[in-house]
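Biologist: Mind walking me through this one? I'd like to start with the overall picture and then get into the details.

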Amino acid sequence: MAEKFIHAVYDDDDKLLDAIKNLKKNKIMIEEVFTPFPVHGLDHLLDLKPTRIAIAAFIYGCIGFTFGVLMINYIMIVDWPQNIGGKPSFSLLENLPAFVPVMFELTVFFTGHLMVITFYLRSRLWPFKEAENPIPETTDDKFLIQIPIYGNESKIKSIIKTTDFYDLTVIDEPVKKPDNTQDEEIHNFEETKTDSEITIGFVFHARKYSDGSSNLRIQFTRGRGQQYAKNSGLRIYRKHWISKKSEVSEKHPEYEKVNKAISSIKEKINSVKQIFADGKISFEDAYKEVIENQ
Amino acid sequence: MGSHYEAPIRKPLVTGNKTYHQISVDVARPIEGSANKQWWIVFGISLTLFMWGIGCIIYTISTGIGTWGLNKTVGWAWDITNFVWWVGIGHAGTLISAVLLLFRQKWRMGINRSAEAMTIFSVIQAGLFPIIHMGRPWLAYWIVPIPNTFGSLWVNFNSPLLWDVFAISTYLTVSLVFWWTGLLPDFAMIRDRAVKPFQKKIYSLVSFGWSGRAKDWQRFEEVSLVLAGLATPLVLSVHTIVSFDFATSVIPGWHTTIFPPYFVAGAIFSGFAMVQTLLIVMRKVCNLEDYITVQHIELMNIVIMITGSIVGCAYITELFIAWYSGVEYEQYAFLNRATGPYWWAYWAMMTCNVFSPQFMWFKKLRTSIVFSFVISIVVNIGMWFERFVIIVTSLHRDYLPSSWTMFSPTFVDIGIFLGTIGFFFVLFLLYARTFPVIAQAEVKTILKSSGDNYKELRDKKK
């Protein structure tokens, strides 16, 4: 299993299908696709084998029917035959019409329940099971392609960038839902991460204000694991945020003013990176150069 | 866009310019918001009725079935009437989600979740009556095939009452897993939106860790399809078997071969009426008018009209066959129904079930929300009377005129019935506040083909 992944996020099912076609054309391996609803044609596009659950269901039905026949035969014919309204109590076949309803119900009972249990086990669904979708929006309106990186990061990125993507993230560790960053989603505009380098990007605080805006935060990351975020002091409507450019679109109220403020933060970020690379400031204090100078 | 084509003649099923995200927001709103005053008032009334019902059940069990209005001639009355009535109501949910799925009817998606919820809650009410009527409900486990405590006697597989046990329990449990499997992606959506930690925990628990992988969806769709294929004969079998309770007996008025299709049509009829009653209120209270549109109401009204007409045909066929059979007991049973001491119940049934749905031939009436609501209540009352007429009028004139009698319910009969209505609404009201009441994942799949904004966009392009 690859250690590094690219998560390409789309906000539309047709864009997702186009992107997958594009990736397939370039022979890029797709590990997993997370979608909020069943996207028609996705399984064919991903070359998923047809599920055999219907075959299993047929077998369960046969088991249920056999169970019904054997049980009724044992109870009504073998163990304790009784004269009920003069019905032929010593022959299953002759008394069959009265037994058909229960045999049918047992067939349905076994098929339905065993098939659903099989589905739950095969898809690993049960109470207390942790959800594994990498970002929570994939159950809402986002579609995520998980692509493993085997030294072809830049190629994958360049392909993704030709598609109409919503967000692109590089995940350094096997996909796990980190508890501490759960309420923040990462929109890095730079993805290199080594111990000597500092990565600074924008994130949104997950809590929204009542008017729909949320705090734009600046996230500082060094290598793996060391990370903190500070409020930039800007309140932004997330729906107008363009993550590719790290700025707001023209629909945002006072977008010129906001973009000006963001670009001044970007300048400070670039300068603080230089200061950090020169060793003049510690990772923990890096934010002071960006935020307190404002 | 090409793959999302739908004939322009079809009316949009999702209105109000929705996006995928907007659907999530709309479905989550009743769960994330807090209950208003009306909800608490209705919940309080339902809970009071439920408590009253529990009181009457306790009184019945501790004192005996003698607290009911039954007598030696009419040994079955409100209990079995209520049982059949509730089972019948419980037929629309699976019909909507299974039969309409097989027929690829997209309009089922706005209403199937609530219809299935209603199914499960009403089958629970139905199940209560036979258990209470046992008199000693702590021995209810004797209906499952285990050897008798006093020897090796078993349950009787020739008996329609035992078929009922298997049919109702299969129906209840299969409907439940069908419902829950469909709920997983929607619970997951609520889970991933949840801000409060407790809410997040609960919805994580009930969503079984649903993540929405491509393979999961492939299996999900296959399982839904196979379950629909199973549930379709199941739903037909359940009410068929319920009708066997009567049809296999030798009582004039019950011993009729027409019973299975007649009961199934009646069940669909009453079930759709109850769905209509509940959803007309819910779409207003939960602001879901964009998902449960007038188009949905109209289509349900058409189903009500058709099944109501089938039921009407069955009533008339019964009368004809009774006359044509030449059996005077049969003839008397039906003459007595229409003109005997219970004539008012018979004509209430006829008016509510046969005449009232005929108004739905008029487009203006079947697209009127107030009128649909009124008719849905009328139909539910009529279907209760249908079962009462079948059961009580066939029994109260016994073979021996010396046994002829009338049935009048006691306050306990009435109390238990009202109690189950209360219990049903308690469950449904709790459901409406905690469950995603629209199958949002499914609705999202039809947004691009049946959403009004996408339809307009396609029309403009041409």
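**Two chains, one helix up close**

Modeller: Of the 294 residues of chain A, 35% count as buried. Keep in mind that this is a predicted model.

Biologist: What does the secondary structure of chain B come to, in helices and strands?
Modeller: Let's take chain A as background: it has seven helices and 10 strands. For chain B, the tally is 17 helices and zero strands.

Biologist: Which radius of gyration does chain B have, set against a compact globule?
Modeller: The C-alpha trace of chain B spans about 75 × 50 × 45 Å along its principal axes, and 51% of its 462 residues count as buried. A compact globule with 462 residues would come out near 23 Å, so chain B agrees with that rule, at 23 Å.

Biologist: In chain B, what share of the contacts with a separation of 6 or more comes from residues 24 or more positions apart?
Modeller: In chain A, looking at contacts between residues at least 6 apart in sequence, 58% join residues at least 24 apart. For chain B, the share from residues 24 or more positions apart is 83%.

Biologist: Which helix of chain B gives the most to the side that touches chain A?
Modeller: The contact takes 55 residues from chain B and 56 from chain A. Several helices of chain B each supply at least two residues to that side, among them helix 1 (20-32), helix 6 (160-193) and helix 16 (440-450). By class, this side of chain B has 27 nonpolar, 18 polar and 10 charged residues. The one that gives the most, with 16 residues, is helix 8.

Biologist: Now helix 1 of chain A: where do its buried residues fall, seen down the axis?
Modeller: That helix covers residues 13-25 and reaches 18 Å from its first C-alpha to its last, close to the 18 Å expected. Its buried residues are Asp13(A), Leu16(A), Ala19(A), Ile20(A) and Leu23(A). They lie within an arc of 115°, so they line one face of the helix.

Biologist: And which exposed residues does the face turned away from the buried side carry?
Modeller: The buried residues of helix 1 of chain A pack against strand 1 (5-10), helix 2 (42-45), strand 3 (143-148) and helix 5 (153-162) of chain A. On the face turned away from that buried side, the exposed residues are Lys21(A) and Lys25(A).

Biologist: Which residue with a positive phi follows helix 1 of chain A?
Modeller: The helix itself has 13 residues and runs over 13-25. With a phi near 60°, the residue that follows is Lys27(A).

Methods: Residues numbered from 1 in each chain as written. Chains lettered and ligands numbered in written order. Predicted model: local features only at pLDDT ≥ 70, side-chain atom pairs only at ≥ 80, totals over all residues. Helix = DSSP H or I, 4+ residues; strand = E, 2+ residues; numbered from the N terminus. Expected span 1.5 Å × (residues − 1). Buried ≥ 20, exposed ≤ 12 C-beta atoms within 10 Å, placed from the backbone. Arc of directions from axis to C-beta. Contact = placed C-beta atoms within 7 Å. Nonpolar A, V, L, I, M, F, W, Y, C, P; charged D, E, K, R; others polar. Rg over C-alpha atoms; globule rule 2.2 N^0.38 Å.
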